[in-house]
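Here's a quick briefing to read alongside the model. Have a look at the fold first, then come back for the cysteines and the sheet.

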Amino acid sequence: MASLRPWALSALLGLLLSACASAGSVQDIQPGERPDLESDEAGLWMKMDRVEEELVSSGRVVEDPDLNAYLRQIVCRLTPDYCQDIRVYLVRTPGFNASMAPNGVMTVWTGLLLRCQNEAQLAYVLGHELAHYIERHSLKHWRDLRDTTTGLAFFRFATAITGLGLVGDLATIGALGGVMAYSRDYEREADQIGLALMQRAGYSGAEAPKIWDYLQREKEAAGSGSGFIFFATHPPSDERRDTLSGLARAQGGKGQVGREDFLRLTAGHKAAWLRDELQQRDYARLEVLTQHLQDSGFDPGEAHFARGEVHRLRDEEGDAAKAVAAYHAALKTKRAPAETYRSLGLVLWSMERPGVAQQAFRQYLARQPRADDRAMIEDYINQLN
Ligand SMILES: [Zn+2]
């Protein structure tokens, strides 16, 4: 677990020490509204403005203009009145997460787009985050904590949550509003408002509970130390899914699912995003994810390759043979990535099958003549002579 960046820690301390405003009742934020400069809310905004600057210069924001315009258009369709107040950042990070900071900064992780199957599911999650903004949940949560815990307890709580599973630059992203788990009440409220927003915008509400259903499966498979921050801040549960299903049914009517645009705009990125997930090496969770992708219309060549990688990297009893089978399945599709041959060569080599390993490495170089690792692969081929 990486330590917090010093500024993130001081941001938390700053919040802890900021002047006490009266808790009072907190109204929904109005379109275009900015907090009073003297208020604790303005303090929260200022901290988050700094975090936003860090994020922008982090090199992790995905720059694809079409995809960014698409995300922005969904936000504006969900909440036309707040369209100008929200800034959306797509952040290259594995794992399912989105967060909403009180100053209008919304972050969406690429791992979230990887797991959504269509625009309606994405719209539901964005609607949930927008509900946190409109309802001012960050401010309410901050005041709840300030009023109900001792300073030290709050500080310990805030640092514990912020440090949870955050590595490197994830501290920056995690500090953006989503760091502190909201109470169940705020979550329930955001679920319901998120659903109402998506349905009002014309999306099919029946897609919303499917997300929780999938996340529940991934959570069950996840190792206990998986550090999946979204599970900590948004515990998936049967109750959550069932409540949403009931509400979606009650509203009735069919809405838009939006599969084509969603798949078209994300298709070119998904293989890279899946490789980010592989690096997490939470194998049981990855098995659930690769199966989910295969069921969701993900390129079968890529899906089989990823499954092979899960087995190759896990490297337990029987994994080598399963990896080889998965790579062969990928190659049969004719659309497997060139790396399939490289990985196949590595596994066959470990199985002491030098002839076929060498052949696989040669095929890799034939498919990828300008590969960055060409010298290394040529060296492998020589060693196998
Ligand atoms: Zn939430």
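Cys 83 has 12% relative accessibility, so it counts as buried (under 20% relative accessible area with a 1.4 Å probe, protein chains only; exposed is over 50%, partly exposed in between). Keep in mind that this is a predicted model, where local features need pLDDT of at least 70, side-chain atom pairs count only at pLDDT 80 or more, and totals for chains, interfaces and linings use all residues. Numbering runs from 1 along each chain as its sequence is written, and side-chain values use heavy atoms, leaving out hydrogens and water.

**Cysteines**
- There's one disulfide here (a pair of cysteine sulfur atoms within 2.5 Å).
- Cys 76 and Cys 83 form it, with sulfur atoms 2.0 Å apart.
- The S-S torsion of Cys 76 and Cys 83 is about 65 degrees, so the disulfide is right-handed.
- Cys 76 counts as buried because its relative accessibility is 17%.
- Cys 116 is buried too, at 2% relative accessibility.

**Sheet**
- Three strands (DSSP E runs of at least two residues, numbered from the N terminus) make an open, mixed sheet in the order S1-S3-S2, where pairing takes at least two DSSP bridges.
- At the edges are S1 (87-91) and S2, each pairing on one side only.
- S1 and S3 (residues 105-109) run parallel and are joined by five bridges.
- Val 88 stands opposite Met 106 in S3.

**Ser 99**
- Ser 99 sits in strand S2 (residues 98-100).
- At 4% relative accessibility, Ser 99 is buried.

Notes: Helix = DSSP H or I, 4+ residues; strand = E, 2+ residues; numbered from the N terminus.
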